[in-house]
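Please open the model in your viewer and keep the sequence panel at hand. The tour below proceeds by selections, each followed by a description of what is found there.

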Amino acid sequence: MVKSLFLKNCDVIVTMDAERREIRGGGIHILGDEIKALSAGLLPPPDVDEVIDMAGHVVCPGLVNTHHHMFQSLTRAAPAAQDASLFGWLKSLYPLWGRITPEMLRVSTQAAMAELLLSGCTTSSDHLYLFPNGGRLDDSIEGAEEIGMRFHAARGAMSIGETLGGLPPDALVEDEAHILDDTVRLIETFHDPAPRAMLRLVVAPCSPFTVSSALMREAAVLARSYQVSLHTHLAENRDDVNYSLERYGKTPARYAEDLGWLGPDVWHAHCVRLDRDGIALFAGSGTGVAHCPCSNMRLASGVAPIGRMRRAGVPVGIGVDGSASNDGAHMLGEVRQAMLLQRVRYGPAAMTAREALELGTLGGARVLGREDIGALAPGMAADLAAFDLTRIGFAGAGQDPVAALVFCGPHPAAYTIVNGRVVVREGRVTSVDLPALVRRHNQLSAALFNA
């Protein structure tokens, strides 16, 4: 039986539709997994299953996280990695990550997703690129299904270990034929191309310094044969750029072009050091960028030229990145940081609050290649987040509550609705026993450090 839900008395509905409407005093009718109607003064139909009063709330599209490593929530604030840049940070954590078990993958996925849901995030990509001790991407997929988040599961991989000039230890790399075979298995088993799909697969070798050129090229061919997206890290910091120049004789963007890794079906994480030529290549090909401001700051990678990218026409979304290089996963906080960081580097008019919020919603949907999320309109997926304006942190911000979502600091979502299902209600996750999940997550994290 298809259930219906009605949100009434919304103070503001931020649609992110083609007209960027902001509807005051509106209602939203949800039927099953899609939005049926929304408008000012809309009243609930007589046969609706549930009505939620949104008086005092701003309702916006569910936020879209375009880059994460959820397993890293097990190693937040690791002492050995607190003050390192990218390569040193990775080298200090690889030994810990080599101890990860299948249960750790499942539990860390759920912990990361719960944190995202509480921030108003409804769709997340996750880039899982190591599979020690029998772990599989299936473990993360199982966790996501239980918690109820819309999921783009990226089958990452590392194939070039230290003895061949790569960064990871040899024990964490995989045979390239196995990587490709397992990627095919996952796509054929799990990928759903249908509109409003809850699960899609992504082909995602980890980075130019952890896999071979041959694997990158073959992965691109494989992805396009199945019409799935491609994702990797690119141009994250100066060391990353120098590695590309020294090993391949090309900038990261030109190397990506040579590999077939440009196009509207591709998005790259970070791109902090993407030069003007690279921006032009991305813009001309429709290649997307996952901007991860907190991680870029934490690892001192730099400030990505997001304004220049957007003016050129590059699709840009927001990513929280791994919880060990950000140590948090609050999507609204990440949206705020994106705005502030652009202003620090490029001036107070570099990014408005509404532009930042668009990056976290519609921008992320475009980067993931989705036309059914990121905006609120009839026929779109019923993914919404509602924020309570009566909280102390919004006091005095009544003149522009939409801008207040970004300017006033990261506040938790009062309600998060995914695919028509209320997964956060009055600030509490409904799909899992969160205290029990946190306890188990902490036990597994302690076991990882103390093994």
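How many bridges join strand β9 to β10? Select residues 199–205 for strand β9, together with β10: two bridges join them, and the strands run parallel. Please note before continuing that this is a predicted model.

**The whole chain**

Display the full chain as a cartoon. There are 14 helices and 17 strands in the chain. Along the principal axes, the C-alpha atoms fill a box of roughly 65 × 45 × 45 Å. The radius of gyration of the chain is 21 Å, which agrees with the value near 22 Å for a compact globule with 451 residues. Of these 451 residues, 60% count as buried. If contacts are restricted to residues at least 6 apart in sequence, 75% of them join residues at least 24 apart. Switch to a surface representation: the chain exposes about 16300 Å², and carbon and sulfur atoms supply 52% of that area.

**Strand β10 and its two partners**

Return to the cartoon and select residues 229–234, which form strand β10. Six of the six residues are buried, so the strand is largely enclosed by the rest of the structure. In a regular strand the side chains alternate between the two faces of the sheet. Show the side chains of β10: Ser-229, His-231 and His-233 point one way, whereas Leu-230, Thr-232 and Leu-234 point the other way.

Now add strand β9 again and locate Val-203, whose bridge partner in β10 is Leu-230. Select helix α5, residues 213–226, as well; β9, α5 and β10 make a right-handed β-α-β unit.

Next, select strand β11, residues 266–270. Strands β10 and β11 pair in the parallel sense over five bridges. Among the residues to label here are His-233 and its bridge partner in β11, Ala-269.

**Phe-282 in helix α8**

Select helix α8, residues 276–285, and show the side chain of Phe-282, which lies in this helix. Is Phe-282 buried or exposed? Phe-282 counts as buried because its relative accessibility is 0%. Leaving aside neighbours within four places in sequence, the contacts of Phe-282 include Leu-234, His-268, Cys-271, Val-289 and Val-314. Leu-234 is itself one of the buried residues of β10. To see a pair distant in sequence, select Gly-313: Phe-282 and Gly-313 are 31 residues apart in sequence, and their C-alpha atoms are 8.4 Å apart in space.

**The cysteines**

Show Cys-292 together with Cys-271. Why is there no bond between the sulfur of Cys-292 and the closest cysteine sulfur? The closest one, in Cys-271, is 9.3 Å away, too far for a bond; a disulfide requires the two sulfur atoms to be within 2.5 Å. Add Cys-294, which is in no disulfide: its nearest cysteine sulfur is that of Cys-292, 9.5 Å away. The count of disulfides comes to zero. Cys-292 is buried, at 0% relative accessibility. Cys-294 also counts as buried, with a relative accessible area of 19%, because the limit for this class is under 20%.

**Met-339 in helix α11**

Select helix α11, residues 331–346, and show Met-339, which lies within it. Met-339 is buried, with a relative accessible area of 0%. Not counting residues up to four places away in sequence, Met-339 touches Met-351, Thr-352, Ala-353, Ala-356, Val-406 and Phe-407. Ala-349 lies 10 residues from Met-339 along the chain, and their C-alpha atoms are separated by 9.6 Å.

**Two loop residues with positive phi**

Most residues other than glycine have a negative phi. The last two selections have positive values. Select Arg-196, in the loop between α4 and β9; its phi is near 60°. Arg-196 is partly exposed, with a relative accessible area of 21%.

Finally, where is Glu-426 placed? Glu-426 is in the loop between β16, residues 421–425, and β17, residues 428–429. The phi of Glu-426 is near 50°, again a positive value in a residue other than glycine. Glu-426 is exposed, with a relative accessible area of 62%.

Technical notes: Residues are numbered from 1 along each chain as its sequence is written. This is a predicted model: local features need pLDDT of at least 70, side-chain atom pairs count only at pLDDT 80 or more; totals for chains, interfaces and linings use all residues. Side-chain values use heavy atoms; hydrogens and water are left out. Buried means under 20% relative accessible area, exposed over 50%, partly exposed in between (1.4 Å probe, protein chains only). Helices (H or I, at least four residues) and strands (E, at least two) are DSSP runs, numbered from the N terminus. Two strands pair if DSSP finds at least two bridges between them. A crossover is right-handed if, with the strands pointing away from the viewer, the path from the first strand over the helix to the second runs clockwise. The radius of gyration is taken over C-alpha atoms; the globule rule is 2.2 Å times the number of residues to the power 0.38. Contact means heavy atoms within 4.5 Å. Accessible areas come from the Shrake-Rupley method with a 1.4 Å probe; for residues, only the protein chains shown count as cover.
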